[in-house]
Amino acid sequence: MEISEFISKKDDEISDIIKNKKNITLINNSVEEEYEIIRNISELELFLSYTVKFESDQIIKMQAAGGIAWKYPKRKAVVAFKIEKDNKLFNIVHNIYNIIFLELVFRDVEYLLFHNCIFRKLVSITNTSKTKKLGLHLEESICNDRFEISGEVDFVEINNTIFKNSGSVNIRCKTIESILIQGGIIRSIIQGVRIGKIQIIDSIISWVTVIDVIIENSIIMQDIIINDNGNLSFDKFIIRGYGDIGIKEILGKIQLKNTDFSNTKIDFRAIENNKYQCLLSRNTNNYIEEIENFINLNDIAEKCKNKKVELHTEYLIKKYQRLNRWNVKKGFMKLLCIPLKMIEKIIETSIGYFCKWEVMLRSIILIILSYSIIYFLFPDGITHPNTKNYHLSMLSLINGGLIEFPEVLSLLADSIYFSIITFVTIGYGDIVPNNNSIFRLIAGSEGLLGVIFVSFLTITITRRFTK
């Protein structure tokens, strides 16, 4: 039987499987492994005494030979009973290897190391001692349910540990000196804690929720991947010390509420590569969460002096505020506001709220080309000093066979040239509107748009490239 299948079974099913057995064979990564069945605390004490002796022999060998690699015990066991508030044994034996636990509830344990252990159900470790704080190592293990840590805690280190199904590590205590999470698939809730330093390195985040947490010294997050449907959430999160946050890839979501990332270096490339989709809510009918996320990220970008992200998030804030204003209107009021909605949409797509110079440049090119088409289709509205004047539209000239292809290309080039010099208000005078008042108004309107949009472009570029 596969280990994953075994630990997912119900208690009564496991009881039937191990009934009257001293050992059980389980398959782990295509390898058959023998597990002893431990049914009471005396048998567990005997099993752990083997671990103590094994470690002592290892230390003696290392001292004698020097430089040999540390080996882990090979014996494995299934603890077939619930361990609850029996701390004497675990205050003597601190290092625990190769055990599948049913359920653990500890109080006032000073130090624990779990290596290659599997936790089927709840693990609760509470330390109420004021003199001795808890230290916990969790290495290369699997948690199938909540792993709760509370009370007086010194440090927590989690290495290459996988949290499956409803498994998560939940840390609730007043203060903790350090948290180290390295490798593995992480699910965690950290709530109401003052943390000295926290490091999350080379890990995959299924979901991590950080609520009401203050980082006193440092936070380091490097090579983090937020997996598909994953979630990284910060609420009432303050960094008083130094931070260095680098997320490698984002496939899930990020939530930011009431955050303060002062003195923090953040690599925004993963968010930019994700095109800020990670900040969008899964609830498509409510834009409040998106707005709050973008406001917080805008504040973070401003403090990190990343002008590009700051301006882009400002654009997204205004965009989603516009969507939210439209979303909350109902019935007849929604109908009345359609003209206003169209105006706001035009402003957004044409000038980008002075946040995106690329949008402004695109609008300028579009305006120039649009007027070029008008001048090209109606050459009779423009006086060409060096060529003959036309008295018909382009379609009439082509249909009547009155113009040849090279001359069409020449008129197209003239139209684009005239549109450009009109837009930038140079006006050389070699090509001018004729006496037709409509074409003078058309050329005048392009010149007016040119003055406005060139000014807007200057403002936007200045905002983007000056500090």
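Here is a short chat about a predicted model.

Trainee: How are H10 and H13 oriented to each other, roughly parallel or roughly antiparallel?

Mentor: Start with the angle: helix H10 (residues 357–377) and helix H13 (residues 437–465) pack at about 165°, and their axes lie 9 Å apart. Angles over 145 degrees count as roughly antiparallel. So H10 and H13 are roughly antiparallel.

Trainee: And how many nonpolar residues are in the contact of H10 with H13?

Mentor: H10 passes H13 in a left-handed crossing. The residues of that contact fall into three groups: three are polar, two are charged, and the nonpolar ones number 18.

Trainee: Which helix gives the most to the nonpolar patch?

Mentor: Let's look at the patch on the surface, whose members include Phe405, Leu409, Tyr428 and Val454, with about 800 Å² of accessible area together. Leu409, for one, sits in helix H12. Five residues of the patch come from one helix, the top contributor, spanning residues 405–423: H12.

Trainee: Now the salt bridges: how many residues apart are Asp11 and Lys121?

Mentor: The count of salt bridges comes to 18. In one of them, the side chains of Asp11 and Lys121 meet at 2.5 Å, N to O. Asp11 belongs to helix H2 (residues 11–18), while Lys121 is in the loop between strand E9 (118–119) and strand E10 (123–127). The pair links distant parts of the chain, with a separation of 110 residues.

Definitions and conventions. Residues are numbered from 1 along each chain as its sequence is written. This is a predicted model: local features need pLDDT of at least 70, side-chain atom pairs count only at pLDDT 80 or more; totals for chains, interfaces and linings use all residues. Side-chain values use heavy atoms; hydrogens and water are left out. Axes are lines fitted to C-alpha atoms, for helices over the stretch in contact, and angles run from 0 to 180 degrees between N-to-C directions. Helices (H or I, at least four residues) and strands (E, at least two) are DSSP runs, numbered from the N terminus. Angles under 35 degrees count as roughly parallel, over 145 as roughly antiparallel, 65 to 115 as roughly perpendicular and the rest as oblique. A crossing is left-handed if the near helix is turned anticlockwise from the far one by less than a right angle, and right-handed if clockwise. Ala, Val, Leu, Ile, Met, Phe, Trp, Tyr, Cys and Pro count as nonpolar, Asp, Glu, Lys and Arg as charged, and the others, Gly among them, as polar. Patches are made of residues with over 30% relative accessible area and no salt bridge: like charges are joined within 9 Å, nonpolar side chains (Val, Leu, Ile, Met, Phe, Trp, Tyr) within 5 Å. Accessible areas come from the Shrake-Rupley method with a 1.4 Å probe; for residues, only the protein chains shown count as cover. A salt bridge is a side-chain nitrogen of Lys or Arg within 4 Å of a carboxyl oxygen of Asp or Glu.
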